[in-house]
Amino acid sequence: MTIDAVLERVDREADASLEQLKEYLRIPSVSTDPAYAGDVRRCAGFVQERLRAAGLEAEIVETAGHPLVYGEWLGAPGRPTVLFYGHYDVQPVDPLNEWRHAPFDPTIEEGERGEQIVARGATDDKGQSFTHIKAVQALMEETGSLPVNVKFLIEGEEECGGEAIEAYVTGPAAERLACDLALVSDTSMYGPGQPSVLYGLKGLLYTEVRVLGADRDLHSGTFGGAVANPLNALGTMLAALRDPDDGRILIPGFYDDVRPLAAGEREAFAALPFDERRYGAEIGAAALWGEAGYTTLERVWARPTCDVNGMWGGYQGPGAKTVIANRAGAKVSMRLVPDQEPERLFPAFADYMRSLAPPGIDVEVENLNGAPPVLVDLQGPLVEAALDGIREAWGRAPVRVREGGSIPIVSTLSKVLGVPVLLVGFGLSDDRLHAPNEKMDLANFFQGIRTVIRVLDRLGGCAAGAIRSDA
Ligand code: BES
Ligand code: MN
Ligand code: MN
């Protein structure tokens, strides 16, 4: 097989691939909002159809929530099996008025680094995971087969908890998903033109805290001073989450299971090009702040955090209203690092919040969402072969980095399948994922396809079972 012919095919079919990506991006597969459930399902159908067009067998897997899409081609006996993971669901689009175009009307624009496609899901994760399908299709059409066996598992609930895929992977499907290596493209590169492989993702504990006082709103003069004010109480409770001086999180036991940065990791982080000023300027922040004793990269990649994501209560209209509102609330999330466990930390967090409430204030704490943190072991001949393919595609060795974001199923995939999970993203930090005007650079979309082709080609030179002992 000549890889050049496959790559030329990618170039030749660029327009058609882009049209298909646009069609994909037109489907408003917002998983968290029940109003879009029909579109989410339609989107699963689109993915199934694209997998079939690429020459795979594909089916929709019904679940208690949104459907999964599973596909496979197992025509390379004796060769390794690669499992591709991605998600076809997207985040909500609000605030809608900040979009330059309608979020589900994908538009090609001239960006900072050439053409970019702007739409919800452009990079997270439709654009990125579509590179997997197009790579497989180009190989299949040019050569009539694939250098390795492939399986695809594409979910529709990544952005809202991912319960369906968790049940699927830990249940009877574990056998079906057996593979030698998993490949995920749902992250960003360290910088433009710098291929990057992640070996760590943070976990998540996402909670809601509700504070309740009197059974009605009270006149703040007539009753002020006589009762604890729910808004004041919530402010005190939230302020007690972090030490204002050194930024440490004050939830009792919070750091108990935190694995310190590995020997050499600090040096490796410090060796990466990083300009604090530019980082701040890029996000429009006047100053950076965080836990004392750690660099910005260490704080974001390897130290747990705790942030209020939203809060509400009391009078917010024009002018003054003298009132003691009887309820207030906040969304509080914690990003976790190995070996912290969301299930273990939730009670510690809830007890701490309750312990801080003044008399007469009821506190309700709800666990909304969680994901375990993960560190993957990037070792073995298949990982090396894949890294070679990435280097070949970009003309530059990939850097090994961590990330502050989460992909809930990755920890489970790595545990249940017992194989390395290669997190190789084609996004950039300015792709505005989850925000208005989300985009993906077209160059990265096509370079992603080429990268996957080269990775599969390299893996085809390895024997199956290089890692799996039961193969
Ligand atoms: N693709 C992102 C995670 C990500 C983005 C990792 C950039 C690394 C770099 C994923 O779709 C995501 O948004 N995850 C959520 C998970 C949550 C909803 C459970 C997150 O991190 O907030
Ligand atoms: Mn994603
Ligand atoms: Mn996301």
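Are Asp 441 and Lys 439 buried or exposed? Select both residues to begin the tour; the model on screen is a predicted one. Both Asp 441 and Lys 439 are buried.

**Stop 1: a buried pair and its network**

Keep Asp 441 and Lys 439 selected and show their side chains. These side chains form a salt bridge, with an N to O distance of 2.7 Å. Now add Arg 113, Asp 430 and Asp 431 to the selection. Salt bridges with shared partners connect Arg 113, Asp 430, Asp 431, Lys 439 and Asp 441 in one network. In the whole structure there are 32 salt bridges.

**Stop 2: the second largest cavity**

Asp 431 leads on to the next place, since this residue is also one of those that line the second largest cavity. Select the rest of that lining: Thr 123, Asp 124, Gln 128, Asp 186, Thr 187, Ser 188, Gly 427, Leu 428 and Leu 433. The cavity has a volume of about 40 Å³. Colour the lining by residue class, and two nonpolar, five polar and three charged residues appear.

**Stop 3: the largest cavity**

The structure has two cavities of 30 Å³ or more. For the largest, select Arg 9, Val 10, Glu 13, Ser 17, Lys 134, Gln 137, Ala 138, Glu 141 and Ile 449, which form its lining. Helix H1 (3-12) and helix H4 (126-143) are the elements that contribute two or more residues to this lining. H4 provides the largest share, with four residues. The space inside is about 60 Å³. By class, the lining has three nonpolar, two polar and four charged residues.

**Stop 4: a salt bridge between two strands**

Move to Arg 210 and Glu 364, whose side chains form a salt bridge at 2.9 Å, N to O. Arg 210 belongs to strand S9 (residues 203-212) and Glu 364 to strand S14 (residues 362-371), so show both strands; the pair links distant parts of the chain, 154 residues apart.

How do these two residues stand with respect to the surface? Arg 210 is partly exposed, because its relative accessible area is 24%. Glu 364 also counts as partly exposed, because its relative accessibility is 35%.

**Stop 5: a salt bridge between two loops**

Next select Arg 259 and Asp 339, which form a salt bridge with their closest N and O atoms 2.8 Å apart. Arg 259 is in the loop between helix H7 (230-239) and H8, while Asp 339 is in the loop between strand S13 (327-336) and helix H11 (342-355), so the salt bridge ties together parts 80 residues apart in sequence. Arg 259 has a relative accessible area of 41% and is therefore partly exposed. Asp 339 counts as partly exposed as well, because its relative accessibility is 41%.

**Stop 6: a nonpolar patch on the surface**

For the last stop, turn on the surface and select Phe 274, Tyr 279, Ile 283, Leu 288 and Val 300. Which kind of patch do these residues form on the surface? The patch is nonpolar, and its residues together have about 380 Å² of accessible area.

Centre the view on Phe 274. This residue sits in the loop between helix H8 (265-271) and helix H9 (276-283). Phe 274 counts as partly exposed because its relative accessibility is 31%.

Note on methods: Residues numbered from 1 in each chain as written. Chains lettered and ligands numbered in written order. Predicted model: local features only at pLDDT ≥ 70, side-chain atom pairs only at ≥ 80, totals over all residues. Heavy atoms only, no water. 1 Å grid on protein atoms, 1.4 Å probe; cavity = no way out; pocket = protein on both sides within 12 Å on 5 of 7 lines; lining within 4 Å. Points joined across faces, edges and corners; volume = space filled by probe spheres on them. Nonpolar A, V, L, I, M, F, W, Y, C, P; charged D, E, K, R; others polar. Patch = residues over 30% accessible without salt bridge, like charges linked within 9 Å, V, L, I, M, F, W, Y side chains within 5 Å. Areas by Shrake-Rupley, 256 points an atom, 1.4 Å probe, with all protein chains shown as cover. Salt bridge = Lys/Arg side-chain N within 4 Å of Asp/Glu carboxyl O. Buried < 20%, exposed > 50% of the residue type's maximum accessible area, 1.4 Å probe, protein only.
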